[in-house]
2 protein chains.
Amino acid sequence: MSDQYVYSFGGGKADGTGTMKEELGGKGAGLAEMTNAGLPVPPGFTISTRACREYFERGEKLPEQVDPQMFAALGQLETLQNQKLGAGENPLLVSVRSGAKFSMPGMMDTILNLGMNDQSVEAVAKKSGERFACDSYRRFIQMFGAVVLEISKHDFDHIFDGAKKKAKVKLDTDLTAEHLRGVIAEYKKLVQKKTGHPFPQDPRKQLEMARDAVFHSWNNDRAIYYRRMNNIPDDIGTAVNVQAMVFGNLGVTSGTGVGFTRNPSTGDKEFYGEFLMNAQGEDVVAGIRTPVPINELHDIMSDVYNQLRDITTRLEKHYKDVQDFEFTIQEAKLYMLQTRNGKRTGKAAVKIAVDLVEEGIIDKHTALMRVEPAQLDQLLHPIIAEDAKGAISADGKSRLTVIAKGLPASPGAAVGKVVFTADEAAIQGKKKQPVILVRAETTPDDIHGMEAAQGILTSRGGMTSHAAVVARGMGKCCVAGAGSIAVSEKSKTMTVDGKTINEGEWISLDGSTGRVFFGAAKTADPDPSSGEFAKLMSWADETRKLGVRANADIPRDAEVARRYGAAGIGLCRTEHMFFAAERLPHMQAMIMARTEKDRRKALAKLLPYQRKDFVGLFRVMDGFPVIIRTLDPPLHEFLPKREELMVEIAVMKATKKPKATIARKEAILHRVEELHEFNPMLGHRGCRLGITYPEITEMQARAIIEAAVQVTKEGKKVIPEIMIPLVGLEKELEAQKAICDRVAEEVFAKAGMKVHYMVGTMIELPRAAVTANEIAKHAEFFSFGTNDLTQTTFGFSRDDSGKFIAAYLEKGIFKHDPFQTLDQGGVGQLIKLATERGRKSRPKLEVGICGEHGGDPDSVVFCHKAGLDYVSCSPYRVPIARLAAAQAVLMEGAGASEAKRTA
Amino acid sequence: MSDQYVYSFGGGKADGTGTMKEELGGKGAGLAEMTNAGLPVPPGFTISTRACREYFERGEKLPEQVDPQMFAALGQLETLQNQKLGAGENPLLVSVRSGAKFSMPGMMDTILNLGMNDQSVEAVAKKSGERFACDSYRRFIQMFGAVVLEISKHDFDHIFDGAKKKAKVKLDTDLTAEHLRGVIAEYKKLVQKKTGHPFPQDPRKQLEMARDAVFHSWNNDRAIYYRRMNNIPDDIGTAVNVQAMVFGNLGVTSGTGVGFTRNPSTGDKEFYGEFLMNAQGEDVVAGIRTPVPINELHDIMSDVYNQLRDITTRLEKHYKDVQDFEFTIQEAKLYMLQTRNGKRTGKAAVKIAVDLVEEGIIDKHTALMRVEPAQLDQLLHPIIAEDAKGAISADGKSRLTVIAKGLPASPGAAVGKVVFTADEAAIQGKKKQPVILVRAETTPDDIHGMEAAQGILTSRGGMTSHAAVVARGMGKCCVAGAGSIAVSEKSKTMTVDGKTINEGEWISLDGSTGRVFFGAAKTADPDPSSGEFAKLMSWADETRKLGVRANADIPRDAEVARRYGAAGIGLCRTEHMFFAAERLPHMQAMIMARTEKDRRKALAKLLPYQRKDFVGLFRVMDGFPVIIRTLDPPLHEFLPKREELMVEIAVMKATKKPKATIARKEAILHRVEELHEFNPMLGHRGCRLGITYPEITEMQARAIIEAAVQVTKEGKKVIPEIMIPLVGLEKELEAQKAICDRVAEEVFAKAGMKVHYMVGTMIELPRAAVTANEIAKHAEFFSFGTNDLTQTTFGFSRDDSGKFIAAYLEKGIFKHDPFQTLDQGGVGQLIKLATERGRKSRPKLEVGICGEHGGDPDSVVFCHKAGLDYVSCSPYRVPIARLAAAQAVLMEGAGASEAKRTA
C-alpha cells in the first residue's frame, strides 16, 4: 500500500474510498465513493497527493514509481473502455483536473479532450462528425496551451476572434469545420513560436505534461495566496484526477442536464431540473437553446429517466441532503458527472432540514446545522420577486434594471418613490405614499423620515453607518454606501452612470444583496410563522445555552422582538427619544444652558417623556429584563451642523442682512463651536456627560425607577437594568452608580415600595476590558459594546473606515469586515479577558453583548465559547441568533470539524 | 509596652524614637527624634495611633487606659515646665495637633492656646500683658469653637468683623484689650446658643474634647476622600500631639523666624532666612513689619544665633539634606518648632545634591534621588526673572500682571510682540523682531510661524495639542488652552477679562507654569553646562540601564538632542517635511492624483527632498540609530480646510462671482469632501495610507535607504530603522515590510553595497498590543506610541478631551492627565503584555517608547520596570529622562519605600 501512488476507479469498483480525502483529495475521494456505490461514473484514476508532496520534496521531480503506476492505470482504463488514449478508430479522450483535500480555486483549471492530436481528430471526425472533432481539438490546444504551456489566453483569443471576423460570423458555433481547421493550424504555429517546440502529438506525453502542470500549480502565487487566506497548510499537496471524457452531443440519443433532488427555491420534495438532448453542458448555460424540464426526459428515454431518479434518490439518502447533480447521456448511456449538496434559499433550507428529520433521514441536531443562520433573514423580510431573467416589475410584465450596488445594510425589499429629505418622506408618509429616502448619509435628524420611508438608500457610509444601524433596528430595508450614486439634496436628483433620477420616480431596493433597481418591483411576502420555521426554532431553543435579547428603543420594536423570541431587551438607547419634535427643543435648551439650574429646568421638562417611554417598554417586556443605557452621544449631535451655520452666516453677511439677525445665528454657532470636536467618537460623550453633568444621569435614573414603580403597581413584573456607557475607569462607574442608587432610594421612599434593579456598564473601551476586575466591583452586569470596542481596539472609525476597508478585504489584510463579524483574534481576546477578570471579582456577573455583532452567526458562536450569558441584536435578527447559539452548542459537542454547517 | 498609648517627650529625652512613625505618626516621631537629639523642642506628649484605631473599633470610645496615661503625661509636662495647665500664676498653655503616618491635609486643624479660660486669661494678662492675653483667649475660643464644637467659622468672623466696625478700625491689631474682652463675651454667648452649653472652662475637659475631635476627624469626608485619592489605608489611624506653647511676642527678648541651611534658590552654602523680634509667626507672613535678614540676629542675641547655627548645622547632617526650619525665642530661650527638608529650585537641587556628595554627607545614589527630574526643566530653558513681588519687567523697574493662565505646555520663557497669524510671525521673524504667535489653536500650516516665534499661546487644546507637541519638539515655550482668552484673527486682537490686546503689544509667557503676562518680562538664562549639572548627569548615566533617545525631525533638533545626551533618534516624523513651501505643492498634487501613475509622478518630485532630509539626520547622528516613521497623518491635513472652502464658495455664489472661478474651487472642495473624515484620528492614516497607496511607502523607503548608502559612503556609521505606524494587524506590517525590503534590495544592488537596516512598528493600537506575538514575527523593533495608545485605550481624543479632563481631575476620577503621565493601570498593562508577547516570538526584539510620556519621569520609571530598552522624548527632556531612568534603578534596588525622592 505504501508504494501506491495511483488509484483507479471504474467498472463498479475503486481502489480508494470516500474517506481517503487526505490521499485522493476531495474530488478523487468522491469519485471513488460514487464508483463503489455502483453509480455510472466515467472511469479513470487518481494520482495521489503524496505524489505531489514528494514532487516538491525532490525539487519538482516525481518518484520513479509514479509513471509506471499511471500508465498501468491508463492501460486498465483503456481496457475497460475498449479504447486507446488518442489512438485507433475510437480514441480515448480524458479530462485532467486538480483536486486537493480542500476545494481550492486558484489552482490549475480543467483540461478537457486530452488525447486529441492530428491523427485522433480524424478518427473522431469519422465517428462523431468533422465539426465536433475540430472544435474539440482546437479547444484542447487552447486549454493545454494556456494551462500547461503557459501561453497567454489572450493570444489564442486573438487568433480565434480573427477567424470569426474573417468568416464574418458572430457566434462561435457559426464557424464551420473548415474555419476551425484554420484556427487549429494557427494555434499550432503559435505554440511553436512561443515554446520553440511543436504542439505535443504524443497523447502519453500530453498526459505527463498535464499531470506535472497540476502539481506545479500547487505552488503558484494564487494558490499560495488562497491557502494563506484560508489557513490551509502548504504541505498537503494536491491530487490529479484523470477521467474518460463523455459527450452529450453525439446525436439524438445523447444529452446533458442538471437537477436537484428537491426544489432548491421552495424546499418542496419534487424532482427538479432541466436538460437538452444532443448538447454539451455549456449549451445549457449559453441560452441559445431552451432547456426542457427534467420530467420530460421520461417521455424521451424512460429507462434513463428512471435510472436517474433512482440514482439521485440513493444519492440523497447516501449524503443525507438534497443533491445538486450533473449528468450526461452518451449514446443512451447515463453518466453521473458530479453530485454535491445543493445550494438553496433560506426558505428551502428550513423546509428541507425539517422534512429530512420527519423522513427519518437526519436527526434534529443535524437539521439545525443544515441551515445557515444568515439565510433566515430571507424568511423574515419581504423579498424582491425574481425569475431567471431578473427582478419582476410590479405589474409583472417586465424586468427591472440594476442601476447601482451598495452594501446590503438591512435586509428586505423596499419599493417607493424617491425623496431626498426626511421632511418630504414624512409628508409623503402621512399621505400613505410609499417612498425611498435617498441621502448622501443620514443623521439623527432624519429619524422621522426614515420611519416614514419604505427603505433607505445612502451613497456614503458602511454596514454600521447611522443609516444601516437605525434601519436594522427598525427592521427596515437599507442599501448603504452606494458610491456610484451622486445625491443632490438641493436639486432633488440622484445621478448614477449619467442617468438622472428625479424626486417622485420609482426605485426598488434589495437590502439583502445591496442592489438598487430603477422602477417599481414586485415583492414577495415571507412566512415567518410557517410550521417548519417554528419547528426548527423550537429545536434551536431546546439546544442552545446562550440567551437572546433584542436591541429596542420603543414599545413597537419591543413587540417585534418578543414575537421573534427575544427574552429581554439588551439595549435601549435613550438618546433616540430626544429627537422627537416635541422633545428636541427641551434637549437643546438643556445644551444651551450655562448653569446647572437652567439645565435642571430643561431636564425637568424631559423627565415625563422619558418616564412614559420606559413605562411603555416595561409593559411590553413584562417578566423580562430591560437594559436601558443612559445618554451616550455627544451633545452637538442635537444642535444644527457647524458648517451649515458657518455657510449661512457668511451668506447673510455677504448679502448684508441685518446685524441683529446675524448676531442671533452667531450665538448658536458660538455654542456649536464650543461643542465642536475633532474626533467626536473619542470625545465628550457616554458617561463623560454624566460625570460633567450629573443631573442628566439623575433625570434618566429617576425616569427609569419611577416607571418601574408605576408598572410594578399595575401588577406586571419589571426587571430594570441601568447601563452606564463608555466607562473606562472604575471611578466613573462608581460615581454614576452612586447617583442611580441615591435616586432609587428617593423614589422608593416616596412610593413606599421597592423594585429590584441593577446597575452595570458597557465594556466598549480597551481600558475597561483590561481593568474589568476593578470595574466589576461596581457593575452588576457587563454588556460588550462591540461596535465601539472594535473602533477603539483597531483604531478604526466606523464612519470613515469604508475608505480603506474595501482595499483591506481585497488585499487580504483581513478576511471579514470587523464591524460585521467579530474580530476574534483582537477584540475577542479583550472580551475573553474582561469576562474572566470581571467574573473573578464578581462571580455572578451577568455578561452579554449588545453590539451589531450580536446578530452575526460567527460572532454568536464566539460569544457562546467565551461563556457569555446572552447576546442582544436587532429584533429581526433574533431568530438568527437563536439558531447560531444552538449551532454553537452542537459544534462544541461534536468538535468543529465534524459538525460544521453543510448547507 | 503593649499597654502604652501615650509617649512623652521633653527635657532631652523622649519615650518614642524617630522610627516609630506607625505608632506616633510622622509629626510625633519627628518630635521624639529632635528631643532625643538634644534639641530645644517645646516638650509635650503624643497619644498613639493605636488609641485612634481602638477608638473606632469601640464605636468612638477610647480604651480606659488612655485617660490615666494622658493625665500622667500632662503631669510630667507640668512638672517639667513648672506650670499647671490653665491654672496658677503662670498657666501652662498647649497646642493640640493631629499627626498620621502620612501627611494628611483634610484632617483637624491645629488648636493653639489650649488651657485658656476666664481665670488663666487674667494670670497671663498679669504676666504678659492684657492685650496679649485677651487676644490669645479669643483666638482659642474661635479655634476650639470651629474645630471641636463644629460651629461655623463664619459666625465667629461675623462677631469679630462687627467689633472692628464698631471700633472703626481696619486691622485686627488695632483692637484694644477692651475691645477684645467684648469679643470674648460675644463668642461665649455664641457657644452657649449653638451648643446649649457654656464654653468649657475646665482645661482638662478642653484637652479631652480636643483629643477626641482629632480622632473623630480621621473619618470626616475630606479625610476619607484624601486617603482614597492617595491610596492611604483607612485603618491606620492618627496620633494626637500635645505640646507646650511658646511665644515669640513676650517682649524684646522674644522673637520668631524661619530659615534654610542653604540658599534654596541658588543652592549656595549660606545661612539663609529672616526673623522678627517680639512677634508671632503670623506677623512675619502678614507683611506689616519687615523681617530682618537672619544674620542680623547675631548682633542682637549672639548666643541664640550661635545656638541656632549649631543646631541647624547638626540637623542638616542628621537629616542629610538642606533643612527648612522654624524657631521661636521666648524670653531669650530658643525653641525649634519645626524642621523639614527644604523645598528648592531645580538649580539649587542639583547644586545641593552634588555639594552634599562632595562634603561626604551623602553618596552619589542618594544625590540622584534628591533631584526631582521635572525640576531639570528649569535648568534647560530661559526663565522669567522674578522676585517676591512678581515677574520683573524688562527694564527692571516694575512688575508685570498675570492676565491669564493656561496649561504649561512647553517650558521656558518667551517675550515678544503679539501676532495672530503664522505668516505675520514669519515676516516679523525675518526682521528679527521677537513675536509671540497667538492662535485659537495651531495647525500644521502654522509651522513656519511657530518656528519664527519666540513662543506660542493658544486659547484651545491641551498638553498634547498640536501647538504643545510641536513646541516641545522645538524646545520652544508654549502656553496652551488659555481658555479665558478670546482670539480674533480677523480683528487681530485678543481679549481677556474685558482687556483687549492688539497686534504689536508686548506679552510674556512662562511655559513652565502656564502664566501669561502683559508686557515684556526680564528673563534669566539657564546654565545647563554647569559643573554640578554635568556631574549629576554623569552619575545618572553610570547608574541607569534604560537608553534615552530623542524625537527629532530635522538636523537642528538632532544636534540639540545629541548635546543633551540622546543616544539616537527614537522618532523622526516624516510628514513634517512635507509642509515646507517648496514641497507642499507636490504633496498636494500627489493627493489630488486620480491614478497611481500621477501619484508616482508627484512622489518622484518629493523623493530628492526626503533623501536630503535623511542625509542631514544621518550625518548628525553618526554612530547612533535613527528611527524614521513613514507617513502618518490623514491626507486631508495637507489640503485647505473644508469649512473654509465651503464658506468661500457660498460667499462667491452670493456675490455672483464668475461660474468658472466657482467651479475651480468646487473641484478642490470635492476632493476635500472625499477625504473628509468624521474621526480623522481613527481614519485613513498611518500604515493604512501605505497599504492603499504602496507607492508612498516605496518612495519613503527609497529615500531612507539611498540616504543611508550615501552617508555610509562618506565614512559615517548609519543605523537606519524604518518604522511603520498604526499597525493593528500582522498582515499590514508584513505587506509594508515587504515593500521596504524590496526597495532596499534594489538600492543595494545599484549601489554595490549594503547597509544594515531594521524594519519595525509602532505599537499604538490595543489590537497591536494584544496580538504583539503575531506582529513581532515581522517586526525587528517595537516602539510604543503612547499618545495614540492612550487615545484608543481610553477612547479619548487628545484634541477634545480638554472638555472633560479638567472635571475628571477635579472630581478625582483620575489623579493625572493620562496624556501627561502614563496610565499604568490600563495603558501600562497593554505595554507590559505587548512587550512580553513580542519578546516571546522574537527574543531580541528592541522595545522602546516614543510617545510624549517618554519624557515624563514617572512614566520613565514604569518603562524601566516594564523592561523596555529605551525611551525617546523631545530633545529638551533628554536630561530629565536620563535622571528618571537612573532613579528607576535606585528605587528598584532599595525598594520603593526607602529610596523615594526626598526633594
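Which residue of chain A forms a salt bridge with B:E643? I began there, keeping in mind that this is a predicted model. I found that the partner is A:R642, with the closest N and O atoms 2.9 Å apart. In total, I counted four salt bridges between chain A and chain B.

Next I looked at the rest of this interface. I noted 28 residue pairs in polar contact across it, both residues at pLDDT 80 or more. On the side of chain A that touches chain B, several helices each supply at least two residues, among them α24 (659-675), α27 (730-751) and α32 (827-841). The top contributor on that side is α23(A), which gives seven residues. I sorted that side by class and got 26 nonpolar, 16 polar and 17 charged residues. For the whole interface, 59 residues of chain A meet 59 residues of chain B. The two chains bury about 5,300 Å² between them, and 60% of that is on carbon and sulfur atoms.

Then I went to the nonpolar cores. The largest has 284 residues, and A:M587, A:F618, B:M587 and B:F618 have the most contacts inside it. I checked B:M587 and saw that its neighbors beyond four places in sequence are B:F578, B:L606, B:L631, B:L635 and B:F638. I also found a second, separate core of 68 residues, including B:F140 and B:V191.

My last stop was A:Q323, in strand β10 of chain A. I call A:Q323 buried because its relative accessibility is 1%, and the cut-off is under 20%. Its side chain makes a polar contact with the side chain of A:T339 at 2.8 Å, and also reaches the backbone oxygen of A:D321 at 3.1 Å. Among the other residues A:Q323 touches are A:G259, A:F260 and A:R340.

Notes: Residues numbered from 1 in each chain as written. Chains lettered and ligands numbered in written order. Predicted model: local features only at pLDDT ≥ 70, side-chain atom pairs only at ≥ 80, totals over all residues. Heavy atoms only, no water. Core = buried A, V, L, I, M, F, W, Y, C linked by side-chain atoms within 4.5 Å. Buried < 20%, exposed > 50% of the residue type's maximum accessible area, 1.4 Å probe, protein only. Contact = heavy atoms within 4.5 Å. Helix = DSSP H or I, 4+ residues; strand = E, 2+ residues; numbered from the N terminus. Polar contact = N/O pair within 3.5 Å; in protein donor to acceptor, adjacent residues only side chain to side chain. Buried area = accessible area lost by both parts, 1.4 Å probe. Salt bridge = Lys/Arg side-chain N within 4 Å of Asp/Glu carboxyl O. Nonpolar A, V, L, I, M, F, W, Y, C, P; charged D, E, K, R; others polar.
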